[in-house]
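Biologist: Please take a close look at one part of this structure, namely how its strands are paired, and follow the account through to the way its helices pack. A connected description at the level of individual residues would be most useful.

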Amino acid sequence: MRPARSIEKLIKNADVSTDPIMDDVVRDDVLKAFEESKAKKSAITQPSMWRIIMKSPITKLAAAAVIIVAIILCIYQVDLSRPAYGITDVPEILQQTCTIHIKGWQCAHVQLGLYDPNVVRPGQEETRALMEYWIDMETGRMRRTQPASVLVKDDKVSPAVFIEVYDGEFVMELNDGMKTAQFTRFSPYLQLVAKRKNRLNVVQAMLLSPQSLDSFKKTGQEIIDGQTCDIWEAELGAPSWGDTRVRFKTWVSPKTGRLKMVKLWERAGDCDWWELAELSQIEYDVPLPDNVFATEVPPGYAARNTKETADNPRVFQNRNPVDPRGDQIITSYACFTLSDGSVILGWSCTTAWPENKWESDSYQEAMFQELVPGGGLPRLPAEFYTVSPIGHDPGVQYHGRHLAYTRKGNIFHEWALYVPERELDQYYGGLSYSLHFRCNRKDLTRHGAYTLGETGDIQIKTKTDFHLFVLGAMAELSDDGKAPERVTYENVVGLVEQIRSGLK
Amino acid sequence: MIEDKLLIWKFKRGSSDALCRIYEKYKGNLLRLASALLNDTAAAEDVVHDCFVSFARSSQQLKVNGNLKGYLAASVANRARNWNRARQRRATTSLNEAKPIISSLKRPEQWIIHNEELSQLNKALAQLSYEQREAITLHLQGGMKFRAIAELQGVSINTVQSRYRYGLEKLRSILDSEAKL
């Protein structure tokens, strides 16, 4: 038996080697965090002020008197459970939890003009359905149940429920109306994205948008489950919502910063408010029920495919027809918002029939090879020439420029850079973007806008984010599994500055 | 030790160079410690990354009473413990999923370069109780004194020493039996 000292030596001297590229990436993250903390107001001066007070007996007495008066004021005028946390702290607090369970109800969306208004009305009780989320914050696994649409049979109204389960590799979508189940397989890249996005989208799962939390005002207090909660309310509208407005009422524990309940009302034009949703059960760090993320087809559902035959989707592929006949398709892929507000979007323009010249290798290849970073976008039959954030208007125009391209199979993917005229100090993604397209065909001068797919954008805050998500997406949509070499974080940041200065 | 004091002094006054030096000096050590505590490379990378980022953010409030290495090691140990707690919670609620979810995820880039010797050692360490593993790795890899480990674990110094001794004994028999095989 070897002596204990040799075991100690073995453990002490065990060596670990690190990847130099990742070393740089992590170091950059650390330095960025350091620079950000330095930018915040220094708290170092505070103790010295205290020392000054404590030096003299007179200032000591004065300080003591001030403290006593302040305490008395607190007791008599201000509730001692004064909020330590407000609603804007909620997203940050949520990130510190391991599991989240949200349960309540929501009205199915009623498409106005689609149903007989005497039979189906928005907000009517029969359209309500279970809304439930289980989220494992550390792995991104998630199960959501939400009303999708309204079913009308013999003038009887009921909600169709949509269930989505992500088990870490497969997504199972259950359509309650059609009683079907469908599987999708996530590549390692998509698993990484899902882990990140499901963590961040938890605020949206609570029917709130992180960007709108500043608009909330504290209106009172109530006790829920024995806990004093502050009530925060807001009434919001958006250009894309037309004349629809939504009223939000939320209950936040000032002690923990945790959201306890959410209620929503909606109105269109001058109609009365109707109840839209209520999340009355929000639980944190609860044990996950057995098999809550199991992706087994439940009885009564017909599987449209199996895990073995499941599609491995191209990153966030969202196909949109360009012309009325749908002969040509403009497809958006992954979308990223950089710290300055610039947007990187992957897209392609193809035809519905492979024999068409637009998918001929030589034709597209020649076109893409002529492009230069920072120059114009490819003159494909249709192009996404600009983007605009949905929900919040920063009041600037985004200018589309070519960044890079990748090729997978016979499809060329443009990675376009959309640079806002000025640097934005607020994050305008999250709620998604409108992607404005126009046709470059002589026979068709159509233009319009499509919305980025449900998955939305990914916020790129650090070099690591860029490395993992942007380059990862490019690699996914490339035959050789690699992102173009010259696309680096530094190059893109430099290019953005160059483009913006050229706009002035 | 003196170098560390100087580095902390500079770091608290906003020196990025000092922070870089601290990072370079201790990253390997902390990765080794985290991977021993967690036996999961991806989780260890995340824990050390978060530990450094949080350290960088804390420059103005930072109070290092003992040595810097021990301070960082304690920070990693605390995070690793939280991670393990979360992992246990998952394991107890979902018995069908025995493999750790994170480690099965192939990441585009890995920070720690695979090292057979290290993974063998970590496998052996993983067979100890978490408290024993923590006592051994914090003492030998984190350079922490038994007194500091006792404070961290909330037990007496004698308990830590026993955990260390019994843990080392068990590790010895595990490694020896592997060698015989």
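Modeller: L236(A) has V246(A), a residue of β10(A), as its bridge partner. This pair should be read as part of a predicted model. It belongs to the pairing of strand β9 (residues 227-237) with strand β10 (residues 244-252) of chain A, an antiparallel arrangement held by eight bridges. In general, the strands of a sheet pair through backbone hydrogen bonds, in either a parallel or an antiparallel sense.

Both strands sit within an open sheet of twelve strands in chain A, ordered β8-β9-β10-β11-β12-β2-β3-β4-β5-β6-β7-β13, and the pairing across this sheet is mixed. The edges are taken by β8 (217-224) and β13 (302-303) of chain A; each has a single partner strand, so one side of each lacks a neighbour in the sheet.

Further along that order lies β3(A), where the register can be followed across two pairings. Strand β2 (residues 99-107) of chain A runs antiparallel to β3(A), and nine bridges join the two. Here K103(A) faces E132(A) of β3(A). With strand β4 (residues 142-153) of chain A, β3(A) is again antiparallel, this time through four bridges. E132(A) recurs in this second pairing, where it stands opposite T145(A) of β4(A). E132(A) therefore has a residue opposite it in each of the two strands that pair with β3(A), given that pairing is taken from DSSP bridges. Between β3(A) and β4(A) the chain turns through a hairpin with five residues between the strands, and G140(A) adopts a positive phi near 85° in that hairpin. As for its surroundings, strand β3 (residues 128-136) of chain A is mostly covered, with eight of its nine residues buried.

Chain A also holds an open sheet of three strands, in the order β17-β20-β21, with antiparallel pairing. Its edge strands are β17 (382-389) and β21 (447-451) of chain A, each of which pairs on one side only. From one strand to the next, the twist averages 30°. Within this sheet, strand β20 (residues 433-439) of chain A pairs with β21(A) in the antiparallel sense over five bridges. One residue pair marks the register: S434(A) is opposite T451(A) of β21(A).

The account now passes to the helices. Two packed helices are described by the angle between their axes and by the distance between those axes. In chain A, the axes of helix α6 (residues 188-200) and helix α9 (residues 463-476) come within 10 Å and cross at roughly 150°. The two helices are therefore roughly antiparallel to each other, since angles over 145 degrees are placed in that class. α6(A) passes α9(A) in a left-handed crossing. On the side of α6(A), the contact involves Y189(A), L192(A) and V193(A), which meet L468(A), F469(A), G472(A), A473(A) and E476(A) of α9(A). By class, the residues of this contact are six nonpolar, one polar and one charged.

Chain B offers two further helix pairs. Helix α1 (residues 2-12) and helix α2 (residues 16-38) of chain B pack at about 135°, with their axes 7 Å apart. α1(B) and α2(B) are therefore classed as oblique to each other, and their crossing is left-handed. L7(B), K10(B) and F11(B) of α1(B) make the contact together with A18(B), L19(B), R21(B) and I22(B) of α2(B). This contact of α1(B) with α2(B) has five nonpolar and two charged residues, and no polar ones.

In the other pair, helix α6 (residues 130-140) and helix α7 (residues 146-153) of chain B have axes 10 Å apart and an angle of about 140° between them. That angle makes α6(B) oblique to α7(B). The crossing of α6(B) and α7(B) is right-handed. From α6(B), the residues E131(B), E134(B), A135(B), L138(B) and H139(B) take part, and from α7(B) F146(B), I149(B) and Q153(B). Here the contact of α6(B) with α7(B) comprises four nonpolar, two polar and two charged residues.

These two pairs belong to a chain with eight helices and one strand, whose elements run α-α-α-α-β-α-α-α-α from the N terminus on. Of the 181 residues of chain B, 42% count as buried. Among contacts in chain B with a separation of 6 or more, 72% are between residues 24 or more positions apart.

Technical notes. Residues are numbered from 1 along each chain as its sequence is written. Chains are lettered from A and ligands numbered from 1 in the order in which they are written. This is a predicted model: local features need pLDDT of at least 70, side-chain atom pairs count only at pLDDT 80 or more; totals for chains, interfaces and linings use all residues. Axes are lines fitted to C-alpha atoms, for helices over the stretch in contact, and angles run from 0 to 180 degrees between N-to-C directions. A residue is buried if 20 or more other C-beta atoms lie within 10 Å of its own, exposed if 12 or fewer, and partly exposed in between; C-beta atoms are placed from the backbone. Angles under 35 degrees count as roughly parallel, over 145 as roughly antiparallel, 65 to 115 as roughly perpendicular and the rest as oblique. A crossing is left-handed if the near helix is turned anticlockwise from the far one by less than a right angle, and right-handed if clockwise. Two residues are in contact if their C-beta atoms, placed from the backbone, lie within 7 Å. Ala, Val, Leu, Ile, Met, Phe, Trp, Tyr, Cys and Pro count as nonpolar, Asp, Glu, Lys and Arg as charged, and the others, Gly among them, as polar.
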